[in-house]
Amino acid sequence: MIKEEFECRICGDISKKRYLVREMMFGLADQFVYWECEKCGCLQIEEYPSDLSLYYPENYYSFTKIDYNNYKFDGIKQMIKIKIILYNQLVFRNLLSHFGKKIGIPCKDQYKSLAMVHAKPWHKILDIGCGNARFLCELYKMGFTKLTGADKFIQDNFTLFDKIKVWKKEIHDIDEKFDIITMNHVFEHMPSQHSTMNDVYNILNKNGKVILRIPVKNEAWVRYKENWVQIDAPRHFYLHTIESIKLLAEQTGFTVE
């Protein structure tokens with residue numbers, strides 16, 4: 001039965017903007033119905049596929065193996081140097097630059113977002129949907145040590161460098177609290193948006209912060225509509241707008257910065 005309207009799962013408004021979107025990453029061309037909310041702008045899949053295994057094969061990018069040796073330290077001297085850089089950037093606000101010291105920063109792109117949430121070297125960090133733990137390895141290479149990952153799709157628990165714990169767990173199964181929780185292009189794959197945010201809120205320490213990286217509807221959507229590759233049907237259940245993600249955050253107790 002073809003629906004003529006759809007109730008937005010984010011704001012509850014009724015939408016009549018319906019799109020047929022094809023799977024494009026693997027060239028399967030399967031079609032899925034998406035609806036665009038005319039109030040908050042969120043684009044969302046009509047029905048969650050009952051079996052997603054076909055769309056997440058072994059060669060899916062987040063599951064590919066990486067060489068963990070690339071993230072090891074070359075002895076105590078390098079480890080101490082990295083710690084000094086980390087404290088200099090996130091605690092002393094690049095004090096060394098005032099003395100004319102030029103500092104080579106590892107994984108430089110990560111510092112900006114971490115500085116924005118006032119991350120400190122001693123903070124406990126959880127990466128949800130960590131996959132092969134590449135992001136956690138980058139944080140380790142920066143000097144962080146209290147690192148944990150969680151992903152329900154990995155085969156089993158594992159540990160890296162005696163510092164990074166990776167759990168095969170759902171968010172609601174985690175019984176620890178964290179200072180910073182990251183979700184790197186994971187949230188758009190999750191069906192229950194409100195309950196996921198509530199689960200994240202429950203394992204966040206007081207004054208803790210969440211770094212949420214998601215694709216956002218932009219001018220590319222306006223131009224390409226259902227042919228926009230970033231929809232990534234059916235893996236992306238939601239394509240938020242700035243307005244819809246702010247609304248969701250407010251509904252679940254978060255303040256957006």
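User: Two strands pair if DSSP finds at least two bridges between them. With that in mind, and since this is a predicted model, which residue in E9 stands opposite Leu160?

Analyst: Start with the strands themselves: E8 and E9 have three bridges and run antiparallel. The cut-off is at least two bridges, so three of them make E8 and E9 a pair. Across from Leu160, the E9 residue is Ile164.

User: Which residue in the turn between E8 and E9 has a positive phi?

Analyst: E8 and E9 make a hairpin, with three residues between the two strands. One residue in that turn has a positive phi of about 60°, and it's Phe161.

User: E9 also goes with E7, so to speak; how many bridges join them?

Analyst: This time the strands run parallel. As one example of the facing residues, Gly149 sits opposite Val166 in E9. For E7 and E9, the number of bridges is four.

User: On to charges. How many residues apart in sequence are the parts that Glu36 and Lys217 tie together?

Analyst: Glu36 and Lys217 form a salt bridge, with their closest N and O atoms 2.6 Å apart. Glu36 belongs to strand E4, while Lys217 is in the loop between strand E11 and helix H5, so the bridge ties together parts of the chain separated by 181 residues.

User: Is Lys217 buried or exposed?

Analyst: Buried means under 20% relative accessible area. Its partner Glu36 comes in at 8%, so it's buried. Lys217 has 13%, also under that cut-off, so Lys217 is buried.

User: What is the N to O distance between Lys124 and Glu176?

Analyst: The side chains of Lys124 and Glu176 meet in a salt bridge. This pair links distant parts of the chain, with Lys124 in the loop between helix H2 and strand E6, and Glu176 in the loop between E9 and strand E10. As for exposure, Lys124 is partly exposed at 26%, and Glu176 is partly exposed at 24%. From N to O, the distance is 3.1 Å.

User: And for Glu170 with Lys152, how far apart are the closest N and O atoms?

Analyst: A salt bridge needs the nitrogen within 4 Å of a carboxyl oxygen. Glu170 and Lys152 do form one, and it links the loop between E9 and E10 to the loop between E7 and E8, 18 residues apart. Both ends are partly exposed, Glu170 at 32% and Lys152 at 39%. Their closest N and O atoms are apart by 3.9 Å.

User: Which residues do salt bridges that share partners join into one network?

Analyst: The salt bridge count comes to six. Where bridges share partners, one network results, and its members are Glu23, Asp232 and Arg235.

User: Within what arc do the buried residues of H6 fall?

Analyst: In H6, the buried residues are Ser244, Ile245, Leu248 and Ala249. Seen down the helix axis, they line one face, because they fall within an arc of 135°.

User: Which exposed residues does the other face of H6 carry, the one turned away from the buried side?

Analyst: Take the covered side to begin with: helix H4 and E11 are among what covers the buried residues of H6. Turned away from that buried side, the face carries the exposed residues Glu243 and Glu250.

User: Last one: which residue with a positive phi follows H6?

Analyst: H6 covers residues 242–251. The residue that follows the helix has a phi near 95°, and it's Gly253.

Notes. Residues are numbered from 1 along each chain as its sequence is written. This is a predicted model: local features need pLDDT of at least 70, side-chain atom pairs count only at pLDDT 80 or more; totals for chains, interfaces and linings use all residues. Side-chain values use heavy atoms; hydrogens and water are left out. Buried means under 20% relative accessible area, exposed over 50%, partly exposed in between (1.4 Å probe, protein chains only). The arc is that of the directions from the helix axis to the C-beta atoms. Contact means heavy atoms within 4.5 Å.
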